[in-house]
Amino acid sequence: MNREMSERIRYIKFYVEWLKKTPNEIWSKEQAEFINALLENANNFPLDKKKYIELKEKFRRD
């Protein structure tokens, strides 16, 4: 398993543990704030979908 995948799995485990011990009122409020922030800033992202994928593929090859 590569480093990037290991970090993702470690973060998922961390997040699952946080979800288990955090009351629904708290985590659902934080999730809503996070999603709303993503939606509000979606138009400010400097790359469109196609350019983002091209850039990601380029870094994967290098």
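**Helix H1 and its aromatic residues**

Trainee: Which residue caps the N-terminal end of H1?

Mentor: Good place to begin, keeping in mind that this is a predicted model. Look for a side-chain oxygen that lies 3.2 Å from the backbone nitrogen of Glu4. The residue that supplies this oxygen, and so caps the helix within the 3.5 Å limit for a polar contact, is Asn2.

Trainee: What span does H1 reach from its first C-alpha to its last?

Mentor: H1 covers residues 3-21, and it has 19 residues. At 1.5 Å a residue, 27 Å is expected. The model comes close to that, with a reach of 27 Å.

Trainee: Moving past the helix, is Thr22 buried or exposed?

Mentor: Thr22 sits in the loop between H1 and helix H2 (24-41). Its relative accessibility is 11%. Buried means under 20%, so Thr22 counts as buried.

Trainee: And which backbone oxygen does the side chain of Thr22 reach?

Mentor: Stay with Thr22 in that loop between H1 and H2, and follow its side chain over 2.5 Å. The backbone oxygen at that distance belongs to Trp18.

Trainee: Let's turn to the rings. How many aromatic pairs does a search of the whole structure find?

Mentor: A pair of aromatic rings is described by the distance of the centres and the angle of the planes. Searching the whole structure for such pairs gives four.

Trainee: What kind of aromatic pair do Tyr11 and Phe14 form?

Mentor: Tyr11 and Phe14 are three residues apart in helix H1, so about one helical turn separates them. Their rings are 6.2 Å apart, centre to centre, with 40° between the planes. Stacked needs under 30 degrees and edge-to-face over 60, so this pair is tilted.

Trainee: How about Tyr11 and Tyr15, what kind of aromatic pair is that?

Mentor: Here the residues are four apart in H1, again about one helical turn. The centres lie 6.0 Å from each other, and the angle between the planes is 25°. That angle is under 30 degrees, so the pair counts as stacked.

Trainee: Which residues form one aromatic cluster?

Mentor: Tyr11 belongs to it, along with Phe14, which is exposed at 53% relative accessible area, and Tyr15, which is partly exposed at 22%. With one further member, the cluster is Tyr11, Phe14, Tyr15 and Trp18.

Trainee: Finally, how much accessible area does the nonpolar patch on the surface have?

Mentor: Phe14 is one of its members, and its relative accessible area of 53% is over the 30% that a patch residue needs. Joined by Tyr11, Ile12 and Val16, the patch has about 420 Å².

Notes:
Residues numbered from 1 in each chain as written. Predicted model: local features only at pLDDT ≥ 70, side-chain atom pairs only at ≥ 80, totals over all residues. Heavy atoms only, no water. Patch = residues over 30% accessible without salt bridge, like charges linked within 9 Å, V, L, I, M, F, W, Y side chains within 5 Å. Areas by Shrake-Rupley, 256 points an atom, 1.4 Å probe, with all protein chains shown as cover. Salt bridge = Lys/Arg side-chain N within 4 Å of Asp/Glu carboxyl O. Helix = DSSP H or I, 4+ residues; strand = E, 2+ residues; numbered from the N terminus. Buried < 20%, exposed > 50% of the residue type's maximum accessible area, 1.4 Å probe, protein only. Polar contact = N/O pair within 3.5 Å; in protein donor to acceptor, adjacent residues only side chain to side chain. Expected span 1.5 Å × (residues − 1). Phe/Tyr/Trp six-rings, centres within 6.5 Å; stacked < 30°, edge-to-face > 60°.
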